Amino acid sequence: MAPDVTEVANALANEVPFEEPSFMRVLDLEAMHVPEFPEYMTAEIPMVEDGEFRVGMEFSSREAVIKAVKDYSIRRSVDYRVFESEPLTFYAKCTQYGSGCDWLIRVSLISRRYCWVIRRYNGSHTCTRATISQDHSKLDSITIAEAIKPLVEADPSLKVKSVIAEVESKFNYTVSYRKAWLAKQKVDGTHLYGKYKGCLLVAVSQDGNNNIVPIAFAIVEGETSDAWHFFLSNLRQHVVTRDSVGLISDRHESINAAVERSNGAWSPPRAFHMFCIRHIESNFLRKFKAPYLQKLVVNIGYSRTVREYEVRYQRLRERGEAYTNWLNRIPREQYALAFDGGYRWGHMTTNLMECINSLHANQIASGNIQVSCFDRQNEVFEVREMPSGLEFAVDLRGLRCDCGEFQMDQVRRVYRARFRPLGNPATWPAYNGPRFIPNPYLRRVMKGRPRMTRFLNEMDTRMLRRPR
């Protein structure tokens with residue numbers, strides 16, 4: 001093993017406390033499991049001239065369908081009720097269906113076409129449309145956040161009352177202060193919300209245990225070429241000193257310019273600059289307004305073999321050579337797994353940043369803990385849990401707490417024993433011993449879950465309560 005790996009292994013075996021910074025222990029490590037493509041909120045709604053849906057209309061995703069139906073209802077001051085919402089189907093009817101209005105819509109996923117298609121539509125609402133009221137049930141904080149995103153990006157200090165005014169001018173509804181505030185919190189988390197304007201540049205990595213770790217940050221006036229050059233230069237000089245590393249970012253011109261100005265520090269063979277596939281599909285949508293092709297573009301990037309890449313690339317080309325001509329302007333080693341040389345380590349997006357953005361939410365949620373006294377030098381704290389008033393001693397350096405929730409020494413003991421990995425079965429030596437064959441008469445012949453035969457007792461309270 002390399003010397004540094006050996007030192008870590010010995011430290012674990014000898015139960016020597018780690019000396020990682022305290023800020024690493026408040027990261028939301030669950031955020032790395034969020035889906036990379038939870039929604040296509042940037043997808044434009046394909047509407048015809050009269051503003052109505054039509055049978056055969058295509059959408060890029062289930063989320064795009066829901067967004068289109070929401071916007072339709074808000075604009076027309078009507079409402080709907082969802083009757084079926086499954087991974088392959090979305091079915092909704094007017095709230096007045098059967099009582100004066102026959103409006104309904106049914107949309108299904110067509111996998112071979114990489115899109116959702118309207119299969120049934122009854123036309124415009126025939127119910128009496130409600131007059132403009134204070135609010136609309138479908139005008140939620142997510143919809144508002146998408147509408148005000150350009151305003152917040154231009155002015156992060158935007159007031160909540162300005163958000164309310166913007167919603168009123170766009171949708172003709174006056175939303176509550178709380179809904180407007182929640183919508184403002186959902187917009188791009190990398191902008192600094194507070195008294196001063198600015199932007200937070202953060203470099204994030206992931207270790208061998210899949211823990212997400214911030215390694216550097218800088219507060220700058222904005223995403224300019226000089227700001228990114230300052231950040232990347234210092235990152236390379238003081239933090240990322242090894243060669244053959246991968247750098248994943250969006251296609252922002254300031255980042256590209258900073259990489260070009262790095263005098264080879266962020267260029268092959270010292271480093272390999274690659275692009276986030278989510279930003280590529282966003283650029284593709286902005287260029288062609290073809291939301292039904294978004295998933296195909298993403299799948300091209302996720303192709304792990306040259307054969308997969310060529311098959312999906314050809315499918316895109318069959319839809320139009322203009323699409324592949326645009327994609328050809330981006331070197332394929334910068335967006336496709338099949339050609340990345342392994343420097344991505346499977347990461348296709350800048351999604352690791354989500355855990356850093358969630359730190360702000362964690363700080364807000366931690367208001368139920370009060371620090372009564374502490375020893376900053378030795379990282380020993382005494383905290384009071386509210387509203388119970390219970391007090392606990394927290395030793396950050398020793399990774400211990402009186403509450404007993406997490407004790408690092410117990411975790412280390414689990415991994416103290418040595419074991420030999422099994423490896424790939426294809427590399428195992430030939431086996432010449434006896435063969436073990438299962439008894440065919442003991443095999444279950446019935447499908448489904450086996451019927452329970454044991455008698456229930458007081459430990460099965462939940463099962464005892466349910467109807468027989």
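Okay, let's start with R106: its bridge partner in strand 5 is R120. Keep in mind that what we're looking at is a predicted model. That pair belongs to a longer match, since strand 4, residues 104-110, and strand 5 run antiparallel and are joined by six bridges. Between those two strands there are four residues, and in this hairpin Y114 takes a positive phi near 60°.

Strand 5 has another partner as well. Strand 1, which is just residues 58-59, is joined to strand 5 by two bridges, again antiparallel. There you'll find E58 standing opposite V117. And is strand 5 mostly covered, or mostly open? Mostly covered: of its seven residues, 115-121, five are buried.

Now over to the helices. Helix 6 covers residues 225-238, so if you're following along in the sequence, that's 14 residues. From first C-alpha to last, helix 6 reaches 20 Å, close to the 20 Å you'd expect at 1.5 Å a residue. Which residues of helix 6 are buried? They are A227, W228, F231, L232, L235 and R236. Look down the axis of helix 6 and those buried residues fall within an arc of 150°, so they line one face of the helix. Turn to the face pointing away from that buried side and you meet the exposed residues D226, Q237 and H238.

What does the buried side of helix 6 pack against? Quite a mix: strand 6 (199-206), strand 7 (212-220), strand 8 (245-249), helix 7 (253-260) and strand 9 (271-275).

Next up is helix 9, residues 294-301. Seven of its eight residues are buried, so helix 9 is largely enclosed by the rest of the structure. The buried ones are Q294, L296, V297, V298, N299, I300 and G301. Among the elements covering them are helix 8 (277-288), helix 10 (306-319) and helix 11 (321-328).

Last stop, further along the chain. Here we have an open sheet of four strands, in the order 10-11-12-13, with antiparallel pairing. Strand 10 (369-375) and strand 13 (400-401) stand at the edges with a single partner strand each, so one side of each has no neighbour in the sheet. Inside that order, strand 11, residues 380-385, pairs with strand 12, residues 390-395, over six antiparallel bridges. If you want a spot to find on screen, try E385, which stands opposite L390 in strand 12.

Methods:
Residues numbered from 1 in each chain as written. Predicted model: local features only at pLDDT ≥ 70, side-chain atom pairs only at ≥ 80, totals over all residues. Heavy atoms only, no water. Expected span 1.5 Å × (residues − 1). Buried < 20%, exposed > 50% of the residue type's maximum accessible area, 1.4 Å probe, protein only. Arc of directions from axis to C-beta. Contact = heavy atoms within 4.5 Å. Pairing = 2+ DSSP bridges.
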